[in-house]
Amino acid sequence: FFFFFNDTATTEIYTLSLHDALPISQKAYDNGSYEEAFIIVEPLAKLEHPDAEYLLGQMYELGRGVKKDTEQAVTLFTSAANQGYAAAQAKLGQLHMEGKKDYASAMSWFQKAADQGYALAYSAIGDLYAQGYGVGQDKGKALDYYKKAATAGDANACLHLGQMYEQGKDVKADPAQAAVWYKKGADLGSAECAAALKRLNDQKA
């Protein structure tokens with residue numbers, strides 16, 4: 001692959017393998033260099049590489065480096081999801097849940113991602129059970145899925161569980177159990193969990 005980047009100083013030519021190009025496009029995207037990321041990732045997405053399709057889908061969804069086009073984003077996410085790309089499956093679940101309010105389709109996509117251990121999909125399924133959207137409301141199943149999400153590394157799920165146990169929301173209040181989940185979230189880098197854990201510890205002191 002040959003990619004051309006123009007800036008005010010120089011024109012650089014990169015010859016990149018597929019293996020090299022994807023991380024470079026992701027890094028450019030993360031750094032806010034959306035046009036550069038687009039130049040790299042678009043030809044890769046045309047080859048139906050799921051990582052590239054997912055990144056390009058995000059760019060079309062948010063209008064970063066390209067004109068916003070939700071329909072094109074969904075097309076790219078769907079192609080990646082049909083290849084088993086868990087993040088794209090969860091994204092389609094989110095779009096069905098938040099946009100179309102099609103909870104049955106949302107659950108189907110979230111379940112595909114959850115079957116691969118994708119943490120955010122566990123959380124989303126927990127939300128569906130907690131609210132009774134597209135499924136019978138089941139607070140016990142919701143709790144189980146939040147725990148799966150937290151165990152799989154979702155810091156927001158840790159925060160949610162900590163708050164549930166601290167406040168006695170849908171579970172018996174248990175400050176010690178709250179502290180366990182807050183600590184796990186803090187270890188995952190959540191400032192909110194760290195602050196909540198500190199608050200609990202200060203209350204005990």
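# Exercises: buried charges, cores and salt bridges

Asp154 is buried but forms no salt bridge, and Lys184, the nearest side chain of opposite charge, is 11 Å away. The model behind these exercises is predicted.

## Exercise 1. Place Asp154

Find the element that holds Asp154 and list its contacts beyond four places in sequence.

**Solution.**
Step 1: locate the residue. Asp154 sits in the loop joining helix H8 (139–151) to helix H9 (155–167).
Step 2: list the contacts. Neighbours within four places aside, Asp154 touches Ala119, Leu120, Ser123, Ala149 and Leu188.
Step 3: check the charge. No salt bridge is formed by this buried Asp154.

## Exercise 2. Follow Ala119

Ala119 is one of the contacts of Asp154. Is Ala119 buried or exposed? What else does Ala119 touch?

**Solution.**
Step 1: place Ala119. This residue belongs to helix H7.
Step 2: apply the cut-off. Buried means under 20% relative accessible area. Ala119 counts as buried because its relative accessibility is 13%.
Step 3: collect the contacts. Beyond four places in sequence, Ala119 meets Ala149, Ala152, Gly153 and Asp154.
Step 4: take one pair further. Ala119 and Gly153 are 34 residues apart along the chain, yet their C-alpha atoms are separated by 6.4 Å.

## Exercise 3. Explain a buried lysine

Which carboxylate side chain pairs with Lys91 in a salt bridge, and which parts of the chain does the pair link?

**Solution.**
Step 1: place Lys91. Its helix is H5 (residues 86–100).
Step 2: judge burial. Lys91 is buried because its relative accessible area is 12%, and the cut-off is under 20%.
Step 3: list contacts. Setting aside residues up to four places away, Lys91 touches Tyr54, Glu61 and Phe77.
Step 4: pick the partner. The side chains of Lys91 and Glu61 form a salt bridge at 3.2 Å, N to O. This pair links distant parts of the chain: Lys91 in helix H5 and Glu61 in helix H3 (residues 50–62), 30 residues apart.
Step 5: check the partner. Glu61 is buried, as is Lys91.

## Exercise 4. Examine two pairs within helices

Give the N to O distance and the exposure for Lys183 with Asp187, then for Lys198 with Asp202.

**Solution.**
Step 1: count. The chain has five salt bridges.
Step 2: take the pair in helix H10. Lys183 and Asp187 meet at 3.0 Å, N to O. Both lie in helix H10, four residues apart, about one turn of the helix.
Step 3: sort its ends by exposure. Lys183 is partly exposed because its relative accessible area is 45%. Asp187 has 57%, so this residue is exposed.
Step 4: take the pair in helix H11. Lys198 and Asp202 form a salt bridge at 3.0 Å, N to O. About one helical turn separates Lys198 and Asp202, because they are four residues apart in helix H11.
Step 5: sort these ends too. Lys198 is exposed, since its relative accessible area is 52%. Asp202, at 45% relative accessibility, counts as partly exposed.

## Exercise 5. Map the nonpolar cores

How many residues does the largest nonpolar core have, and which element gives the largest share?

**Solution.**
Step 1: size the core. The largest nonpolar core has 37 residues, and those with the most contacts inside it are Phe110, Ile125, Leu161 and Tyr182.
Step 2: name the contributors. H5, helix H6 (103–114), helix H7 (119–131), H8, H9, helix H10 (175–187) and helix H11 (191–204) each give two or more residues to this core.
Step 3: find the main source. H7 supplies the largest share, seven residues.
Step 4: inspect Ile125. Neighbours within four places aside, Ile125 contacts Met107, Phe110, Gln111, Ala114 and Tyr145.
Step 5: look beyond this core. Another core, of 26 residues, lies apart from it; Ala28, Leu44, Ala81 and Trp109 are among its members.

## Exercise 6. Describe the whole chain

State the element order, dimensions, burial and charge balance of the chain.

**Solution.**
Step 1: read the elements. There are 11 helices and two strands, in the order β-β-α-α-α-α-α-α-α-α-α-α-α.
Step 2: give the span. Along its principal axes the C-alpha trace covers about 60 × 40 × 25 Å.
Step 3: state burial. Of 205 residues, 41% count as buried.
Step 4: describe the surface. The chain exposes about 11,100 Å², and carbon and sulfur atoms supply 50% of it.
Step 5: count charges. There are 20 positive and 26 negative side chains, and the centres of the two sets lie 9 Å apart.

Methods
Residues are numbered from 1 along each chain as its sequence is written. This is a predicted model: local features need pLDDT of at least 70, side-chain atom pairs count only at pLDDT 80 or more; totals for chains, interfaces and linings use all residues. Side-chain values use heavy atoms; hydrogens and water are left out. Buried means under 20% relative accessible area, exposed over 50%, partly exposed in between (1.4 Å probe, protein chains only). Accessible areas come from the Shrake-Rupley method with a 1.4 Å probe; for residues, only the protein chains shown count as cover. Lys and Arg count as positive and Asp and Glu as negative; His and the chain ends are not counted. The place of a charge is taken as NZ of Lys, CZ of Arg, CG of Asp or CD of Glu. Contact means heavy atoms within 4.5 Å. A salt bridge is a side-chain nitrogen of Lys or Arg within 4 Å of a carboxyl oxygen of Asp or Glu. A nonpolar core is a set of buried Ala, Val, Leu, Ile, Met, Phe, Trp, Tyr and Cys residues joined through side-chain atoms within 4.5 Å.
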